[in-house]
Amino acid sequence: MAKEIERKFLVMGDGWRENAVGTHYRQGYLNSVKERTVRIRTINDKAFLTVKGLTVGCTRLEFEYSIPYDDCVKMLDELAEKPIIEKTRYKIPAGNGLAWEIDEFHGVNEGLIVAEIEVPSEDTSFEKPDWLGEEVSSDPRYFNSNLVSHPYTTWNK
């Protein structure tokens, strides 16, 4: 059984951009109920199907599989809930074998930038860079699956 333990934070300023190289992601949801999500995504020329369970604290079950790229594109275009999530992901080393994943959203989620770090346990300590803002790990508004039905550009900020 695979578990994902992830901490999520808002990003402040542009200090994180130095030496950051981004990769374009397109992802959609075939199912986005909170008890389980079924996500498909393309990352460059690769494609994946991911099933995630209910988040408890910062932990949830996660299963991910490679799928044919053309099948994924067809599912994104014709089966996935709309709108599709489009973002650029940047990876930045965080020390101790950890890495920050910074997601800069586009389209209906333009303006949202979130940093995530996957940790081996919920009590793992890590250095917090100065560009790290408020923690939003337990705020469901920031779950990618919820950004489909409630895009960032529609929020009262």
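**Salt bridges, strands and a pocket**

Modeller: Let me start with a pair of side chains in this predicted model: Lys 52 and Glu 62 are both buried.

Colleague: What makes the contact between Lys 52 and Glu 62 a salt bridge?

Modeller: The N to O distance is 3.2 Å, and the rule asks for a Lys or Arg nitrogen within 4 Å of a carboxyl oxygen of Asp or Glu. The pair therefore earns the name of salt bridge. Because Lys 52 belongs to strand β4 and Glu 62 to strand β5, the pair ties together parts that are ten residues apart in sequence.

Colleague: How many salt bridges are there by that rule?

Modeller: The count comes to 16. One of them joins Glu 4 to Arg 60, with the closest N and O atoms 2.8 Å apart. Glu 4 lies in strand β1 and Arg 60 in strand β5, so this pair links parts that are 56 residues apart in sequence. Glu 4 and Arg 60 are both buried.

Colleague: Happy with that one! What about Glu 104 and Arg 17: how far apart are the closest N and O atoms?

Modeller: They are 2.7 Å apart, and the limit is 4 Å, so this contact is a salt bridge as well. Glu 104 sits in strand β7 (residues 98-105) and Arg 17 in the loop between β1 and β2, so parts that are 87 residues apart in sequence are tied together.

Colleague: Which word fits each of these partners, buried or partly exposed?

Modeller: Glu 104 has a relative accessible area of 16%. Buried means under 20%, so Glu 104 is buried. Arg 17 has 31%; that falls between 20% and 50%, so Arg 17 is called partly exposed.

Colleague: How do you know that β1 is largely enclosed?

Modeller: Eight of the nine residues of β1 are buried, so the rest of the structure largely encloses the strand.

Colleague: And what makes β1 and β9 count as paired strands?

Modeller: They share two antiparallel bridges, and the rule asks for at least two, so β1 and β9 qualify. Here Phe 9 stands opposite Glu 135 in β9. β1 also pairs antiparallel with β8 over five bridges, where Lys 8 faces Glu 116. Three bridges join β1 to β5, again antiparallel, and Ile 5 has Thr 59 of β5 as its bridge partner.

Colleague: Now the cysteines. How many disulfides does a search of the whole structure find?

Modeller: Zero. A disulfide needs two cysteine sulfur atoms within 2.5 Å, so no pair meets that limit.

Colleague: Why are Cys 58 and Cys 72 called buried?

Modeller: Cys 58 has a relative accessible area of 16%, under the 20% cut-off, so the word applies. Cys 72, at 0%, is under the cut-off too, so Cys 72 is also buried.

Colleague: Last topic: how much space lies in the largest pocket?

Modeller: About 570 Å³. Of the 34 lining residues, the closest to the centre include Glu 4, Lys 52 and Arg 60.

Colleague: Which element gives the largest share of the lining?

Modeller: That is β2, with five residues. By kind, the lining divides into nine nonpolar, nine polar and 16 charged residues.

Key: Residues numbered from 1 in each chain as written. Predicted model: local features only at pLDDT ≥ 70, side-chain atom pairs only at ≥ 80, totals over all residues. Heavy atoms only, no water. 1 Å grid on protein atoms, 1.4 Å probe; cavity = no way out; pocket = protein on both sides within 12 Å on 5 of 7 lines; lining within 4 Å. Points joined across faces, edges and corners; volume = space filled by probe spheres on them. Helix = DSSP H or I, 4+ residues; strand = E, 2+ residues; numbered from the N terminus. Nonpolar A, V, L, I, M, F, W, Y, C, P; charged D, E, K, R; others polar. Buried < 20%, exposed > 50% of the residue type's maximum accessible area, 1.4 Å probe, protein only. Salt bridge = Lys/Arg side-chain N within 4 Å of Asp/Glu carboxyl O.
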